[in-house]
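Hi there,

Here is the structure I promised to pass on. Please have a look, and then read on for what turned up in it.

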Amino acid sequence: MQRSVEIWLVRHGETTANAANVLSGWSDVALTPHGEDQARALKPLLAGKAFDGIWSSDLRRAIATAELALGRAPRTDARLREMCFGEIEDRPWSEVDASLRDGLLGFVSFRAPGGEDLETFKARVKGFADALAPGRHLAFTHGGAIRALTMDLGEDRFLPNGGLCAVDWTRRTLLFVKETPTPDLVKRPAPT
């Protein structure tokens, strides 16, 4: 019997942009001290688990989360990056046009001016998942990337910073979700 592709998806810890409620997309922002604590809090969830591959977006917030959670650097892959928000990148959520906010939150048909369209973004992230060899993989990534993959399973998961979920990509099923218990992060509306 062929092994399936299981992917454990971790959303990076809180960043300076998250704390300021600013869209960061491809901007390479740092973790806050709270985000570093969220990354360290992942250690017990990952300890003792065997992974056939450990991956991260090539943006430093995802890499730093992986290093703090695992104590070592992961392999990076740009396909795990957040969506490029183009002209609205680095803008406060409150200053983004309401129709763009609605489109991004709806995550059905969206393109930021000068940025990546939703279908291209989803294809990029799914391309990463489709290329994985059978086995269990760990990927440190972003809220939008996790949402793109879980929507393909018939779910719509937007994890808070430091959240973790696992999917059986072969069978297209959600295995589990572990969200951080910090209520102040759950209410943040912007997927940065």
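Helices (H or I, at least four residues) and strands (E, at least two) are DSSP runs here, numbered from the N terminus. On that basis the protein chain has eight helices and six strands, in the order β-α-α-α-β-α-β-α-α-β-α-β-β-α along the sequence.

Before the details, some housekeeping. This is a predicted model, in which local features need pLDDT of at least 70 and side-chain atom pairs count only at pLDDT 80 or more, while totals for chains, interfaces and linings use all residues. Residues are numbered from 1 along each chain as its sequence is written, and side-chain values use heavy atoms, with hydrogens and water left out.

First, the overall dimensions. The radius of gyration (taken over C-alpha atoms; the globule rule is 2.2 Å times the number of residues to the power 0.38) is 15 Å for the protein chain, which agrees with the value near 16 Å for a compact globule of 192 residues. Along the principal axes, the C-alpha atoms fill a box of roughly 50 × 35 × 25 Å. Buried means under 20% relative accessible area, exposed over 50%, and partly exposed in between, with a 1.4 Å probe and protein chains only; 52% of the 192 residues count as buried. Taking a contact as heavy atoms within 4.5 Å, 69% of the contacts between residues at least 6 apart in sequence join residues at least 24 apart.

Now to strand β1 (5-11). Seven of its seven residues are buried, so β1 is largely enclosed by the rest of the structure. In a regular strand the side chains alternate between the two faces of the sheet. In β1, Val5, Ile7, Leu9 and Arg11 point one way, and Glu6, Trp8 and Val10 the other way. Two strands pair if DSSP finds at least two bridges between them. β1 pairs with β4 in the parallel sense over seven bridges, and there Arg11 stands opposite Thr141. With β5, the pairing of β1 is antiparallel over five bridges, and Glu6 has Asp168 as its bridge partner.

Just before β1 comes the segment that holds Arg3. Its C-alpha is 8.8 Å from that of Thr170, although the two residues are 167 apart in sequence. Leaving aside neighbours within four places in sequence, Arg3 is in contact with Asp52, Pro134, Gly135 and Arg136.

β5 (residues 164-168) also pairs with β6 (residues 173-178), in the antiparallel sense over five bridges, and Leu164 stands opposite Lys178. Four residues lie between the strands of this hairpin, where Arg172 takes a positive phi near 55 degrees. Arg172 is partly exposed, with a relative accessible area of 32%. Asn21 also has a positive phi, near 60 degrees, in a residue other than glycine. Asn21 sits in the loop between α1 (16-20) and α2 (33-40) and, at 26% relative accessibility, counts as partly exposed.

Which helix is largely enclosed by the rest of the structure? It is α7 (residues 143-151), where eight of the nine residues are buried. Among the buried ones are Gly143, Ile146, Arg147 and Leu149. The elements that cover them include β1, α5 (98-106), α6 (118-131), β4 (135-141), β5 and β6.

Enjoy exploring the model!

Best wishes
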